[in-house]
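Student: Could you walk me through this one? I'd like to start with what we mean by buried, and then go through the parts in turn.

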Amino acid sequence: MYNTPMFRYILLAMFALSAAGCALNESYNPVAASTSGTFELNGPALRKLTLGMTQPQVHAIMGDTITIGYNYADEGHGASVPLTLNNPYKTSETQDKSASPADRCTVEYYVTKVVIPDGVVSDEELMPLKFCKGVLTAQGWDRIK
């Protein structure tokens, strides 16, 4: 009886299930999983940009808003409300020291990642795009100065 093919099959199945059970014993914590990583936002759109594009072309690619998550206010019915931010998140004006006042440039800041989901968007989570005379001239913190 213990030497039959069926017994060996059952024994092998029990061993496989117990080994799998050991591997899956660690409990899954979705909050820890979501806060331990960095989530890329706007990345695919930013990779489509090239220097020399006009501001309207960039806005068409980037869109007006970005969804950064969902608020599940009514979990019983599965209703969710998207949490969105404006695209760009913020803007500022800059001027090269050697340029005339008419040559002011605009810097638009787009959210690229959530490092700490604390409701505060830090510079580390933003990608600046610099537009001079309506044309994309620089991208990234090291290039907008």
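Tutor: A residue counts as buried when its relative accessible area is under 20%. Keep in mind throughout that this is a predicted model.

Student: OK, so is asparagine 42 buried or exposed, then?

Tutor: Asparagine 42 has a relative accessible area of 8%, which is under the cut-off, so the residue is buried. Its place in the chain is the loop between strand 1 (39–40) and helix 3 (43–46).

Student: And what does asparagine 42 touch?

Tutor: Leaving aside residues up to four places away in sequence, asparagine 42 touches Met62, Ile66, Asn87, Tyr110 and Val111. With valine 111 there is also a polar pair, since the backbone oxygen of valine 111 lies 2.8 Å from a polar atom of the asparagine 42 side chain.

Student: Valine 111 again. Which residue stands opposite valine 111 in strand 7?

Tutor: That is leucine 126. Strand 5 (residues 105–111) and strand 7 pair over seven bridges, in the antiparallel sense.

Student: What's the strand order in the sheet?

Tutor: The sheet is open and has four strands in the order 4-5-7-8, with antiparallel pairing. Strand 4 (90–94) and strand 8 are at the edges with a single partner strand each, so each has one side without a neighbour in the sheet. From one strand to the next, the twist averages 30°.

Student: How many bridges join strand 4 to strand 5?

Tutor: Five bridges join these antiparallel strands, and glutamate 93 has threonine 106 in strand 5 as its bridge partner.

Student: What packs on the sheet?

Tutor: Helix 4 (residues 55–62) does, touching strand 5, strand 7 and strand 8, and the direction of helix 4 makes about 10° with that of strand 5.

Student: Which residues of helix 4 are buried?

Tutor: They are Gln55, Val58 and Met62. These residues cover an arc of only 60° around the axis, and this puts them on the same side of helix 4. Pro56 and Ala60, on the other side of helix 4, are exposed. Just after helix 4 comes glycine 63, which takes a positive phi of about 80°.

Student: Back to strand 7, why do you call it largely enclosed?

Tutor: Six of the seven residues of strand 7 (residues 126–132) are buried, so strand 7 is largely enclosed by the rest of the structure.

Student: And what about strand 7 and strand 8, how many bridges join them?

Tutor: Four bridges join strand 7 to strand 8 (residues 135–139), and the two run antiparallel. They form a hairpin with two residues between them, and lysine 133 in the turn has a positive phi of about 55°. Within this pairing, cysteine 132 has valine 135 in strand 8 as its bridge partner.

Student: Changing topic, how many disulfides does a search of the whole structure find?

Tutor: The search finds one disulfide, and this bond joins cysteine 105 to cysteine 132 with an S to S distance of 2.0 Å. The pair links distant parts of the chain, with cysteine 105 in strand 5 and cysteine 132 in strand 7, 27 residues apart.

Student: Are cysteine 105 and cysteine 132 buried or exposed?

Tutor: Both cysteine 105 and cysteine 132 are buried.

Student: What handedness does the disulfide have?

Tutor: The torsion about the S-S bond of cysteine 105 and cysteine 132 is about 105°, so the disulfide is right-handed.

How values were computed: Residues are numbered from 1 along each chain as its sequence is written. This is a predicted model: local features need pLDDT of at least 70, side-chain atom pairs count only at pLDDT 80 or more; totals for chains, interfaces and linings use all residues. Side-chain values use heavy atoms; hydrogens and water are left out. Buried means under 20% relative accessible area, exposed over 50%, partly exposed in between (1.4 Å probe, protein chains only). Two strands pair if DSSP finds at least two bridges between them. Axes are lines fitted to C-alpha atoms, for helices over the stretch in contact, and angles run from 0 to 180 degrees between N-to-C directions. Contact means heavy atoms within 4.5 Å. A disulfide is a pair of cysteine sulfur atoms within 2.5 Å. A polar contact is a pair of N or O atoms within 3.5 Å; within protein, one must be able to donate a hydrogen and the other to accept it, and residues adjacent in sequence count only if both atoms are side-chain atoms. The arc is that of the directions from the helix axis to the C-beta atoms.
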